[in-house]
Amino acid sequence: MVSLRIACVGLLALSACSSSSPSVVRAPRQEAAPVATFPDEGGTYGYRAEDPVRVGWGNPGILAFFELLRGPQGQRVAWKRLGPCDEGPSREYADLVMFEVSYDGLGLPVRMYLDPNHGASIRAPRGFTIEGLSSRDTPQTPEDVIEL
C-alpha cells in the first residue's frame, strides 16, 4: 500500500515537471492573419524585410518605437510580435523581428519589420505618424527651411 502511494506521488511529480517546461513542447505554427497593404507607389519602409525600421537598442528600442508610433490621426497603435523573420532562403533577414500592427480605424493589421540590432534615422512607415517628430519630407514653403 505504501509503495502504491509513493508510485502515485512520483507519477504526479513527473507529470507536473514535464508539463511546466514550455521549451520542450512547441505549438504548431499558426497561419498568418491577413494583413493590409498600402498600395501607393514606393513606401516599402517598414513593410518589407529589405527595408526594415532600424530601431537599434534591442527590445528597449522596439518598445520606444511603438510608444511613439501613432495612426494618421494620432491613434495609439496595438502591436503583436509575430517572431523572427524567416523570409529569404539565405536567412539574411534572420535578425529582423516581424510585428502585426493596427490602430482604431485600420481595417486590417499591417505587418512591420523591425531591426532591433542596427539603428538609423527613424521615420514613420506609410500610413502612420511618429509622435513628437515633425515631417522630414520636402518643406512646403521656403520659411520651413533651416540653414545650418
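Okay, before anything else: two strands count as paired if at least two bridges are found between them by DSSP. Keep that in mind, because the first pair we look at easily meets this, with seven bridges between β3 and β4. Those two strands run antiparallel. And a quick reminder that what you see above is a predicted model.

So let's start on β3, which covers residues 77–84 and has A78 in it. Is A78 buried or exposed? Well, neither label fits: with a relative accessible area of 45%, A78 is partly exposed, because buried means under 20% and exposed means over 50%. Who does A78 touch, if we skip residues up to four places away in sequence? The answer is E100, V101 and S102. There's also D104: 26 residues from A78 in sequence, but 8.8 Å from A78 in space, going C-alpha to C-alpha. One more link from the β3–β4 pairing: K80 stands opposite E100, and E100 belongs to β4.

Now over to β4 itself. How many of its seven residues are buried? Six, so this strand is mostly covered. On to its pairing with β5: five bridges join the two, again antiparallel. Here F99 stands opposite M112 in β5. The two strands form a hairpin, with six residues between them. In that turn, look for G105, which has a positive phi of about 100°.

Next, the inside. In soluble globular proteins, nonpolar side chains tend to be buried together. In this model, the largest nonpolar core has 19 residues, and the ones touching the most other members are F65, F66, L69, V101, M112, L114 and F128. Which elements give two or more residues to this core? They are α2 (58–68), β4 (97–103) and β5 (110–115). Of these, β4 gives the most, with four residues. Apart from that core lies another one, of six residues, including A49, C85, Y93 and M98.

Last thing, confidence. The protein averages a pLDDT of 73, and 58% of the residues score at least 70. Where does pLDDT stay under 50? One such stretch is residues 7–41, for which the model has 21 contacts beyond four places in sequence. Residues 135–142 are also below 50, and that stretch has three contacts in the model beyond near neighbours in sequence. Where pLDDT is low, the predicted coordinates should not be read in detail. Okay, that's my tour, thanks!

Key. Residues numbered from 1 in each chain as written. Predicted model: local features only at pLDDT ≥ 70, side-chain atom pairs only at ≥ 80, totals over all residues. Heavy atoms only, no water. Buried < 20%, exposed > 50% of the residue type's maximum accessible area, 1.4 Å probe, protein only. Contact = heavy atoms within 4.5 Å. Core = buried A, V, L, I, M, F, W, Y, C linked by side-chain atoms within 4.5 Å. pLDDT = per-residue confidence, 0-100.
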